[in-house]
Amino acid sequence: MSTHCPVCNKPVKAKYAPFCSQRCKDVDLGRWLKGVYVVPGMDSEEAGSLPPEEPGGGQKHRP
Ligand SMILES: [Zn+2]
């Protein structure tokens, strides 16, 4: 069974599994942290910047 590094597709070294080197390990960790950071950050920002709909604002959605 041969495994390849998900970052650069080189053969994996047991020492750095599942990556081929410390560098690729850091790259993947960076991607992962970035992805985790973006989702909740966008969510809370969107919820905070959107003003609540006021009943007397005159914006009614009627066909
Ligand atoms: Zn690699």
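**Notes on a one-helix chain**

1. Let's start with Asn 9: this residue counts as exposed, because just 9 C-beta neighbours sit inside 10 Å. The cut-offs go like this: a residue is buried with 20 or more other C-beta atoms within 10 Å of its own, exposed with 12 or fewer, and partly exposed in between, with C-beta atoms placed from the backbone. Asn 9 also has a positive phi of about 70°, although it is not a glycine.

2. Before going on, keep in mind that this is a predicted model, where local features need pLDDT of at least 70 and side-chain atom pairs count only at pLDDT 80 or more, while totals for chains, interfaces and linings use all residues. Residue numbers run from 1 along each chain, as its sequence is written.

3. Now the overall picture. The chain has one helix and zero strands; these are DSSP runs numbered from the N terminus, with helices being H or I over at least four residues and strands being E over at least two. Of the 63 residues, 6% count as buried.

4. The helix, H1, covers 22-49, and Pro 18 is in the segment before it. Asn 9 is found in the segment before H1, and Thr 3 lies there too.

5. Have a look at the peptide bond from Ala 17 to Pro 18: it is cis, with omega near 0°. Pro 18 is partly exposed, because 15 other C-beta atoms lie within 10 Å. Leaving out neighbours within four places in sequence, Pro 18 is in contact (C-beta atoms, placed from the backbone, within 7 Å) with Thr 3, Pro 6 and Val 12. Its C-alpha atom is 6.4 Å from that of Cys 5, and these two residues are 13 residues apart along the chain.

6. What does Thr 3 touch, not counting residues up to four places away in sequence? Val 12 and Pro 18. Thr 3 is partly exposed, because it has 13 other C-beta atoms within 10 Å. Between the C-alpha atoms of Thr 3 and Cys 20, 17 residues apart along the chain, the separation is 9.6 Å.

Conventions:
Contact = placed C-beta atoms within 7 Å.
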